[in-house]
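Q: I have a protein model open and I'm not sure how to read it. Could you walk me through it, one feature at a time?

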Amino acid sequence: MTDALEPVDVTVVDTLNEPWQDFPVPAINANLEHVPLLDDPETGTMAVKMVYRAGFVNTWHTHPCGHGMYVLEGTLRTHQGDYGVGSFVWFPEGGTMEHGATDDADCTFLFITNKAFDIHHVGSAHG
């Protein structure tokens, strides 16, 4: 006896044609741009397409979630180095970090979390 197949409904977002939306970060007086892709209320997992404009730096901060950034365009600048197109950079939860774009170009990336997103900015990595 075989079970009947129950195909799932898939979620599809055309990231090339969806409008950019504001993603405010009040602690640093920034308004980032993103295209929402996934927001799972059960797990808190989130996925967005996001852009850091040239020269932007998300100053020292922590997250209660792990998150990854897959670079689609430009270069992601982090406290540990610069990473170009095709790089996937994972930031473990709870650590202190900073990241942004290089001075000469925007950085567009896929941003995913392993659970609910939150951000807490701190004065410095060592203070």
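A: Sure, we'll take strands, burial, salt bridges, the cavity and a surface patch in turn. Keep in mind that this is a predicted model.

Q: Let's start with strands. Which five strands form an open sheet, and in what order?
A: To read a sheet, you list its strands by who pairs with whom. Here the order is β7-β6-β9-β4-β11, with antiparallel pairing. At the edges sit β7 (81–83) and β11 (120–121), each of which pairs on one side only.

Q: How many bridges join β6 to β7?
A: Three bridges link β6, residues 76–78, to its antiparallel partner β7. Look for Arg 77 there: Asp 82 in β7 stands opposite.

Q: And what does β5 pair with?
A: One partner is β8, antiparallel over four bridges, and His 67 faces Phe 91 of that strand. Another is β10 (residues 107–113), also antiparallel, this time over six bridges. Within that second pairing, Tyr 70 has Leu 110 in β10 as its bridge partner.

Q: Which strands pair with β3?
A: β2 pairs with β3 in the antiparallel sense, over six bridges, and Pro 36 has Val 48 in β3 as bridge partner. β10 is joined to β3 by six bridges as well, again antiparallel. Val 48 turns up here too, with Phe 111 of β10 as its bridge partner.

Q: What's special about Gly 44 in the hairpin of β2 and β3?
A: Six residues lie between the two strands of that hairpin, and Gly 44 takes a positive phi near 85 degrees.

Q: Now burial. Is β3 mostly covered or mostly open?
A: To judge burial, you ask how much of each residue can still be reached from outside; under 20% relative accessible area counts as buried. For β3 the answer is mostly covered, with seven of its seven residues buried. Try looking at both faces: Met 46, Val 48, Met 50 and Tyr 52 are buried on one side, and Ala 47, Lys 49 and Val 51 are buried on the other.

Q: On to charges. How many salt bridges does the structure hold?
A: Here you look for a positively charged side chain that meets a negatively charged one; a nitrogen of Lys or Arg has to be within 4 Å of a carboxyl oxygen of Asp or Glu. The structure has four of them. In one, Arg 53 meets Glu 33 at 2.9 Å, N to O. That pair ties together distant parts of the chain, 20 residues apart: Arg 53 belongs to the loop between β3 and β4, and Glu 33 to strand β2 (residues 30–39).

Q: Why do Arg 53 and Glu 33 count as partly exposed?
A: Partly exposed is the range between buried, under 20%, and exposed, over 50%. Arg 53 falls in that range because its relative accessibility is 38%, and Glu 33 does so because its value is 23%.

Q: Which other side chains meet in salt bridges?
A: Arg 77 and Asp 82, at 2.8 Å, N to O. You met those two earlier, standing opposite each other in the strands. Arg 77 is partly exposed because its relative accessible area is 33%, and Asp 82 is partly exposed because its value is 41%. Then there's Lys 115 with Glu 93, at 3.1 Å, N to O. Those partners are 22 residues apart, with Lys 115 in the loop between β10 and β11 and Glu 93 in the loop between β8 and β9 (97–101). Shared partners also join Glu 33, Arg 53 and Asp 106 into one network.

Q: How do you find empty space inside?
A: Rolling a probe the size of a water molecule over the atoms shows where empty space is left. In this structure, the search finds one cavity of 30 Å³ or more, and the largest cavity has about 100 Å³ of space. Its lining includes Phe 23, Met 50, Tyr 52, His 61 and Phe 111. The elements giving two or more residues to that lining are β1 (21–25), β3 (46–52) and β4 (57–62).

Q: Last one: which residues form the nonpolar patch on the surface?
A: For a patch, you look for neighbouring side chains of one kind that remain accessible. Here they are Tyr 70, Leu 72, Phe 88 and Trp 90, with about 390 Å² of accessible area together. β5 (67–73) and β8 (88–91) each give at least two of the patch residues. Take Leu 72, found in β5: Leu 72 counts as partly exposed because its relative accessibility is 37%.

Note on methods: Residues numbered from 1 in each chain as written. Predicted model: local features only at pLDDT ≥ 70, side-chain atom pairs only at ≥ 80, totals over all residues. Heavy atoms only, no water. Patch = residues over 30% accessible without salt bridge, like charges linked within 9 Å, V, L, I, M, F, W, Y side chains within 5 Å. Areas by Shrake-Rupley, 256 points an atom, 1.4 Å probe, with all protein chains shown as cover. Buried < 20%, exposed > 50% of the residue type's maximum accessible area, 1.4 Å probe, protein only. Pairing = 2+ DSSP bridges. 1 Å grid on protein atoms, 1.4 Å probe; cavity = no way out; pocket = protein on both sides within 12 Å on 5 of 7 lines; lining within 4 Å. Points joined across faces, edges and corners; volume = space filled by probe spheres on them.
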